[in-house]
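Dear colleague,

Please find below the sequence and the structure that I am handing over to you. I would be grateful if you read my notes with the structure open beside them.

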Amino acid sequence: MEKALWYLFAGTRGGENRVRIVHALSDRPMNANQLATELDVGYRTIRHHIELLEEHDVVEGGDNDYGKLYFLTDRFETYRDTFEQITEHVD
(Lines give C-alpha, C1' and ligand atoms only; values in the text may rest on other atoms or scores of the structure.)
Protein backbone atom coordinates (compact mmCIF):
# COMPACT_ATOMS: atom_id res chain seq x y z
CA MET A 1 0.00 0.00 0.00
CA GLU A 2 2.85 2.42 0.76
CA LYS A 3 4.17 2.19 -2.81
CA ALA A 4 0.69 2.85 -4.16
CA LEU A 5 0.35 5.92 -1.96
CA TRP A 6 3.70 7.31 -3.15
CA TYR A 7 2.66 6.67 -6.73
CA LEU A 8 -0.78 8.27 -6.36
CA PHE A 9 0.21 11.35 -4.41
CA ALA A 10 3.82 12.13 -5.27
CA GLY A 11 4.78 10.14 -8.35
CA THR A 12 2.28 11.28 -10.97
CA ARG A 13 0.59 14.38 -12.28
CA GLY A 14 -2.58 15.08 -10.39
CA GLY A 15 -1.19 14.07 -7.01
CA GLU A 16 -2.06 17.45 -5.55
CA ASN A 17 -5.72 17.09 -6.56
CA ARG A 18 -5.83 13.58 -5.12
CA VAL A 19 -4.43 14.89 -1.83
CA ARG A 20 -7.14 17.56 -1.81
CA ILE A 21 -9.80 14.90 -2.44
CA VAL A 22 -8.55 12.78 0.47
CA HIS A 23 -8.51 15.80 2.77
CA ALA A 24 -12.07 16.71 1.74
CA LEU A 25 -13.28 13.16 2.32
CA SER A 26 -11.58 13.15 5.71
CA ASP A 27 -14.05 15.84 6.77
CA ARG A 28 -17.15 14.05 5.47
CA PRO A 29 -18.31 11.71 2.69
CA MET A 30 -19.15 13.49 -0.57
CA ASN A 31 -20.25 12.64 -4.06
CA ALA A 32 -18.28 13.62 -7.17
CA ASN A 33 -20.37 16.72 -7.82
CA GLN A 34 -19.90 17.96 -4.26
CA LEU A 35 -16.15 17.35 -4.50
CA ALA A 36 -15.97 19.25 -7.79
CA THR A 37 -17.76 22.22 -6.22
CA GLU A 38 -15.83 22.09 -2.95
CA LEU A 39 -12.42 21.87 -4.65
CA ASP A 40 -13.28 24.07 -7.65
CA VAL A 41 -12.20 21.33 -10.06
CA GLY A 42 -14.09 19.99 -13.08
CA TYR A 43 -16.47 17.09 -12.53
CA ARG A 44 -14.69 14.89 -15.10
CA THR A 45 -11.36 15.58 -13.42
CA ILE A 46 -12.80 14.52 -10.06
CA ARG A 47 -14.22 11.33 -11.62
CA HIS A 48 -10.80 10.49 -13.09
CA HIS A 49 -9.05 10.91 -9.74
CA ILE A 50 -11.78 9.03 -7.85
CA GLU A 51 -11.39 6.08 -10.24
CA LEU A 52 -7.64 5.97 -9.56
CA LEU A 53 -8.20 6.22 -5.82
CA GLU A 54 -10.78 3.41 -5.97
CA GLU A 55 -8.42 1.18 -7.99
CA HIS A 56 -5.79 1.56 -5.27
CA ASP A 57 -8.22 1.01 -2.37
CA VAL A 58 -7.98 4.54 -1.00
CA VAL A 59 -11.66 5.41 -1.46
CA GLU A 60 -14.80 3.35 -1.88
CA GLY A 61 -18.19 4.34 -3.16
CA GLY A 62 -21.51 3.74 -1.49
CA ASP A 63 -24.23 1.54 -2.97
CA ASN A 64 -26.09 4.25 -4.85
CA ASP A 65 -25.09 4.87 -8.48
CA TYR A 66 -26.73 8.30 -8.67
CA GLY A 67 -25.11 10.73 -6.25
CA LYS A 68 -22.81 7.98 -4.94
CA LEU A 69 -21.03 9.06 -1.79
CA TYR A 70 -17.33 8.31 -1.48
CA PHE A 71 -15.60 7.30 1.75
CA LEU A 72 -12.00 6.65 2.72
CA THR A 73 -11.35 2.93 3.14
CA ASP A 74 -10.38 1.32 6.41
CA ARG A 75 -7.23 0.06 4.70
CA PHE A 76 -6.24 3.62 3.81
CA GLU A 77 -6.85 4.76 7.38
CA THR A 78 -4.26 2.24 8.61
CA TYR A 79 -1.73 4.04 6.38
CA ARG A 80 -2.83 7.57 7.27
CA ASP A 81 0.57 8.39 8.80
CA THR A 82 2.33 7.40 5.57
CA PHE A 83 -0.10 9.56 3.60
CA GLU A 84 0.66 12.54 5.85
CA GLN A 85 4.40 12.03 5.36
CA ILE A 86 3.94 11.89 1.59
CA THR A 87 1.88 15.07 1.51
CA GLU A 88 4.86 16.96 2.91
CA HIS A 89 6.57 16.29 -0.46
CA VAL A 90 3.65 17.35 -2.67
CA ASP A 91 3.79 20.91 -3.97
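The notes that follow describe what was found, topic by topic.

Please keep in mind throughout that this is a predicted model.

**The nonpolar core**

I suggest beginning with the interior. The largest nonpolar core is made up of 26 residues. Phe-9, Ile-21, Leu-25, Leu-35, Ile-46, Val-58 and Phe-76 are the members with the most contacts inside this core. Several elements each give two or more residues to the core: helix 1 (2-10), helix 2 (15-27), helix 3 (32-39), helix 4 (43-55), strand 2 (70-72) and helix 6 (80-87). Which element gives the largest share of this core? That element is helix 2, with 5 residues.

**Salt bridges**

The count of salt bridges comes to 4. Among them is the pair formed by Arg-47 and Glu-51, whose closest N and O atoms are 3.7 Å apart. Both residues belong to helix 4, and because they are 4 residues apart there, about one helical turn separates them. Arg-47 is partly exposed, at 22% relative accessibility. Glu-51 is also partly exposed, with a value of 39%.

Arg-80 deserves a careful look. This residue forms a salt bridge with Glu-77, where the closest N and O atoms are 3.2 Å apart. Arg-80 forms a salt bridge with Glu-84 as well, and there the closest N and O atoms are 3.7 Å apart. Glu-77, Arg-80 and Glu-84 are thus linked in a network of salt bridges. Arg-80 and Glu-84 are 4 residues apart in helix 6, which means that about one helical turn lies between them.

Is Arg-80 buried or exposed? Its relative accessible area is 18%, so it counts as buried, the cut-off being under 20%. Its two partners in the network are classed otherwise: Glu-77 is partly exposed at 36% relative accessibility, and Glu-84 is partly exposed at 32%.

**A patch of negative charge**

On the surface, Glu-54, Glu-55, Glu-60 and Asp-74 gather in a patch of negative charge. Asp-74 is placed in helix 5, which covers residues 74-78. With a relative accessible area of 64%, Asp-74 is exposed.

**Positive phi angles in the loops**

Two residues are worth examining for their backbone angles. Asp-40 has a positive phi of about 55°, although this residue is not a glycine. Asp-40 lies in the loop between helix 3 and helix 4. At 72% relative accessibility, Asp-40 counts as exposed.

The other residue is Asp-57, which is likewise not a glycine and has a positive phi near 60°. Where is Asp-57 placed? Its place is in the loop between helix 4 and strand 1. Asp-57 is partly exposed, with a relative accessible area of 29%.

**Other loop positions**

Gly-42 is found in the loop between helix 3 and helix 4. At 39% relative accessibility, Gly-42 is partly exposed. Gly-42 and Ala-32 are 10 residues apart along the chain, and their C-alpha atoms are separated by 9.7 Å.

Asn-31 sits in the loop between helix 2 and helix 3. Although it is in a loop, Asn-31 counts as buried, with 15% relative accessibility. Asn-31 and Gly-61 are 30 residues apart along the chain, while 8.6 Å separates their C-alpha atoms.

Asp-65 is placed in the loop between strand 1 (59-61) and strand 2. Is Asp-65 buried or exposed? At 68% relative accessibility, Asp-65 counts as exposed. From Asp-65 to His-48 there are 17 residues in sequence, and the distance in space is 16 Å, C-alpha to C-alpha.

**Where to look again**

When you return to the structure, I recommend starting from the 26 residues of the largest nonpolar core. You may then turn to the network of Glu-77, Arg-80 and Glu-84, and afterwards to the surface patch that includes Asp-74. The loop between helix 3 and helix 4 may be taken last, with Asp-40 and Gly-42 in it.

With kind regards

How values were computed. Residues are numbered from 1 along each chain as its sequence is written. This is a predicted model: local features need pLDDT of at least 70, side-chain atom pairs count only at pLDDT 80 or more; totals for chains, interfaces and linings use all residues. Side-chain values use heavy atoms; hydrogens and water are left out. Patches are made of residues with over 30% relative accessible area and no salt bridge: like charges are joined within 9 Å, nonpolar side chains (Val, Leu, Ile, Met, Phe, Trp, Tyr) within 5 Å. Accessible areas come from the Shrake-Rupley method with a 1.4 Å probe; for residues, only the protein chains shown count as cover. A salt bridge is a side-chain nitrogen of Lys or Arg within 4 Å of a carboxyl oxygen of Asp or Glu. Lys and Arg count as positive and Asp and Glu as negative; His and the chain ends are not counted. The place of a charge is taken as NZ of Lys, CZ of Arg, CG of Asp or CD of Glu. Buried means under 20% relative accessible area, exposed over 50%, partly exposed in between (1.4 Å probe, protein chains only). A nonpolar core is a set of buried Ala, Val, Leu, Ile, Met, Phe, Trp, Tyr and Cys residues joined through side-chain atoms within 4.5 Å.
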